[in-house]
Amino acid sequence: MTSARKIKPLVAGNWKMNGVKAALGEAHKVREALAGGSTRPSAVDVMLCPPATLISPLAQGAAGGSLLIGGQDCHVKASGAHTGDISAEMLADAGASAVIVGHSERRMDHGEMDRDVRAKAEAAHRAGLTAIICVGETAGERAIGLTLTVIGRQLAGSVPKGATAANTVIAYEPVWAIGTGLTPTAADVAEVHQFMRQTLGKQLGETAGTMRLLYGGSVKASNAKELMAVANVDGALVGGASLKADDFCGILAAYVD
Ligand code: PEP
């Protein structure tokens, strides 16, 4: 299955505000699964995005292995008087190679608008990080047929002009599917991902053809294979099911040949 892909998939786990040092044991189990064993997924990049407090120890533990580490948000500035914030440069210094920006929880809890998300993605690029830019419609928007309109607007407003397949990943995360156990049908995901590929093509040109487009929202071991097989789905952004190594590795099994 994976050998026919022209884009190497990425499965990224977003721990959100979960995990103290004891959770490093789960990351260690993921690392071990990646390092060997019969369930080792091939040809897929695997990332964990822990709370900022765990990036450094997780990165140190992951050194020399294939597990990638990401942050969950960043400030637009590199440094300065912004109490409680963390810059993309700080994430990079701690060992992250990517950062999630524009997650719907940031958009809702912190009032982040598309222009804020774009500025954060630009900050990520400035620091040499891959920006994982999240987009997705709410249940209300979906109910009145606005899904593609919303996604188009978010892509236009949130994705920087300098985005390339090398520095940017897009995650389609329907807000109503996050943490609810609900998922769109494979056909719905296919429609949105094809739309994103075309829209990004108009925005960014040829690079959009190989940009990774993730699906996120209640991905678990039991639905991963079906969702990851959808055209233009190049991996997953996983919330709840990334907290336990066994659950997360169950999702990675979708990529075991
Ligand atoms: C998320 O919040 O990015 C997410 C996909 O969450 P969950 O997998 O728990 O739905």
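**View 1. The largest pocket of this predicted model has a volume of about 570 Å³.** A total of 21 residues line the largest pocket. If you would like landmarks for finding its centre, look for M17, Q72, D73, R106 and H110, which lie nearest to it. Which helix gives the largest share of the lining? That is helix α4, spanning residues 104-109, with 3 residues. Sorted by class, the lining of the largest pocket holds 8 nonpolar, 7 polar and 6 charged residues.

**View 2. The ligand sits among 14 surrounding residues.** The closest of these are K16, H103, E173, G179 and S218, so here is a handy set to label first. By class, the shell around the ligand is made up of 8 polar, 4 nonpolar and 2 charged residues.

**View 3. Oxygen atoms of the ligand pair with polar atoms of K16, G179 and G240.** At K16, the partner is an N or O atom of the side chain, and the distance to a ligand oxygen is 2.5 Å. At G179, a polar backbone atom lies 2.7 Å from an oxygen of the ligand. G240 also offers a polar backbone atom, with a ligand oxygen 2.8 Å away. How much of the ligand's accessible area does the protein cover? On its own the ligand has 290 Å² of accessible area, and the protein covers 95% of that.

**View 4. S218, one of the residues closest to the ligand, lies in a loop.** The loop runs between strand β7 (212-216) and helix α9 (221-228). Is S218 buried or exposed? Its relative accessibility is 15%, and S218 therefore counts as buried, because the buried class takes in values under 20%. The side chain of S218 also has a partner within the protein: one of its polar atoms lies 2.6 Å from the backbone oxygen of A177.

**View 5. A52 belongs to helix α2.** This helix covers residues 52-62. With a relative accessibility of 44%, A52 counts as partly exposed, because that class lies between the 20% limit for buried and the 50% limit for exposed. To frame A52 together with V230, please allow for a wide field: their C-alpha atoms are 32 Å apart in space. Along the sequence, A52 and V230 are separated by 178 residues.

Notes
Residues are numbered from 1 along each chain as its sequence is written. This is a predicted model: local features need pLDDT of at least 70, side-chain atom pairs count only at pLDDT 80 or more; totals for chains, interfaces and linings use all residues. Side-chain values use heavy atoms; hydrogens and water are left out. A residue is near a molecule or strand if one of its heavy atoms lies within 4 Å of it. A polar contact is a pair of N or O atoms within 3.5 Å; within protein, one must be able to donate a hydrogen and the other to accept it, and residues adjacent in sequence count only if both atoms are side-chain atoms. Accessible areas come from the Shrake-Rupley method with a 1.4 Å probe; for residues, only the protein chains shown count as cover. Ala, Val, Leu, Ile, Met, Phe, Trp, Tyr, Cys and Pro count as nonpolar, Asp, Glu, Lys and Arg as charged, and the others, Gly among them, as polar. On a 1 Å grid over the protein atoms alone, a cavity is a set of points where a 1.4 Å probe fits but cannot get out, and a pocket is an open set with protein on both sides within 12 Å along at least five of seven lines; lining residues have an atom within 4 Å of a point. Grid points are joined across faces, edges and corners, and a volume is the space filled by probe spheres set on the points. Helices (H or I, at least four residues) and strands (E, at least two) are DSSP runs, numbered from the N terminus. Buried means under 20% relative accessible area, exposed over 50%, partly exposed in between (1.4 Å probe, protein chains only).
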